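Work through the exercises below with the sequence and the 3D structure open. Try each task before reading its solution.

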Amino acid sequence: MDLYKFNDLIVKIHNHTPLTQAEKAYIKEDLPSILVDIPTIHTVREYIHPVGVRLTGAPPRSYITSYALILAKKAFGTRELIDHPLYETIEKDLTLHIMRGSYEYDRPKGYYCCKICTMAVFPLFDLNLLHLISGKQIAEVVRQRIIAREPFFTQGVPAKLIDFTLSFQDQGL
Ligand SMILES: [Zn+2]
């Protein structure tokens, strides 16, 4: 899976660089065929994060799904459920797993799977992009806990991954 362009686009959004029409079209039309197996396969072997951190195990899937949703919401210009089979599936699955994390495993809101995966989904809360979840409220609380470097949220997480995660900023859609 070639994610060079994917990473390039997520960095553009992170840095507040507007997407071009061609980039929006790529996200709407081409990216879904690259990501088509993401909802069903359980192991993407590795993902090199734009900050250069090599992720293996569960995190690659968390990052690819979270970042794909950020790209899609920006490209489609909505925080509502996207009328596209892949992006709709991704959002529904992710929302279910996020809710299960706090309901079934009694974890604090905003914590997802593990510390590294929590960094993957945080921007979705921060940018308020999950239509069934009050992301802003969750992000405000979690941001303080990450800034305070609470071990539960940050122990062992590379500093540049934390910095990148916290520095997405809401720019509207
Ligand atoms: Zn995880």
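The exercises go from the whole chain to pairs of helices and then to single residues.

This is a predicted model, in which local features need pLDDT of at least 70 and side-chain atom pairs count only at pLDDT 80 or more, while totals for chains, interfaces and linings use all residues. Residues are numbered from 1 along each chain as its sequence is written.

**Exercise 1. Describe the protein chain as a whole.**

Step 1. List the elements, taking helices (H or I, at least four residues) and strands (E, at least two) as DSSP runs numbered from the N terminus. The protein chain has eight helices and two strands. Their order from the N terminus is α-α-β-β-α-α-α-α-α-α.

Step 2. Check the size. The C-alpha trace spans about 40 × 30 × 30 Å along its principal axes. The radius of gyration is taken over C-alpha atoms, and the globule rule is 2.2 Å times the number of residues to the power 0.38. For 173 residues a compact globule would have a radius near 16 Å, and the 15 Å of the protein chain agrees with this.

Step 3. Look at burial. A residue is buried if 20 or more other C-beta atoms lie within 10 Å of its own, exposed if 12 or fewer, and partly exposed in between, with C-beta atoms placed from the backbone. Of the 173 residues, 35% count as buried.

**Exercise 2. Find how helix 5 (residues 115–126) and helix 8 (residues 159–166) are arranged.**

Step 1. Fit the axes as lines to C-alpha atoms over the stretch in contact, with angles from 0 to 180 degrees between N-to-C directions. These two axes come within 9 Å and cross at roughly 15 degrees.

Step 2. Name the angle: under 35 degrees is roughly parallel, over 145 roughly antiparallel, 65 to 115 roughly perpendicular and the rest oblique. Helix 5 is therefore roughly parallel to helix 8.

Step 3. List the contact residues, where contact means C-beta atoms, placed from the backbone, within 7 Å. Helix 5 supplies Met 119, Phe 122 and Pro 123, and helix 8 supplies Leu 161, Ile 162 and Thr 165.

Step 4. Sort them. Ala, Val, Leu, Ile, Met, Phe, Trp, Tyr, Cys and Pro count as nonpolar, Asp, Glu, Lys and Arg as charged, and the others, Gly among them, as polar. The result is five nonpolar, one polar and no charged.

**Exercise 3. Do the same for helix 2 (residues 21–34) and helix 3 (residues 59–76).**

Step 1. The axes come within 8 Å and cross at roughly 120 degrees, which means that helix 2 is oblique to helix 3.

Step 2. On helix 2 the contact is made by Lys 24, Ile 27, Lys 28 and Leu 31, and on helix 3 by Ala 68, Leu 71, Ala 72, Ala 75 and Phe 76. They divide into seven nonpolar, no polar and two charged.

**Exercise 4. Examine Asn 128, Arg 149 and Lys 109 in their loops.**

Step 1. Asn 128 is in the loop between helix 5 and helix 6 (135–147). Its phi is near 60 degrees, a positive value in a residue other than glycine. Most residues other than glycine have a negative phi. Asn 128 is partly exposed because it has 18 C-beta neighbours inside 10 Å.

Step 2. Arg 149 lies in the loop between helix 6 and helix 7 (151–154). Phi of Arg 149 is also positive, near 55 degrees. With 12 other C-beta atoms within 10 Å, Arg 149 is exposed.

Step 3. Lys 109 sits in the loop between helix 4 (85–103) and helix 5. Leaving out residues up to four places away in sequence, Lys 109 touches Ser 102 and Ile 138.

Note on methods: Two residues are in contact if their C-beta atoms, placed from the backbone, lie within 7 Å.
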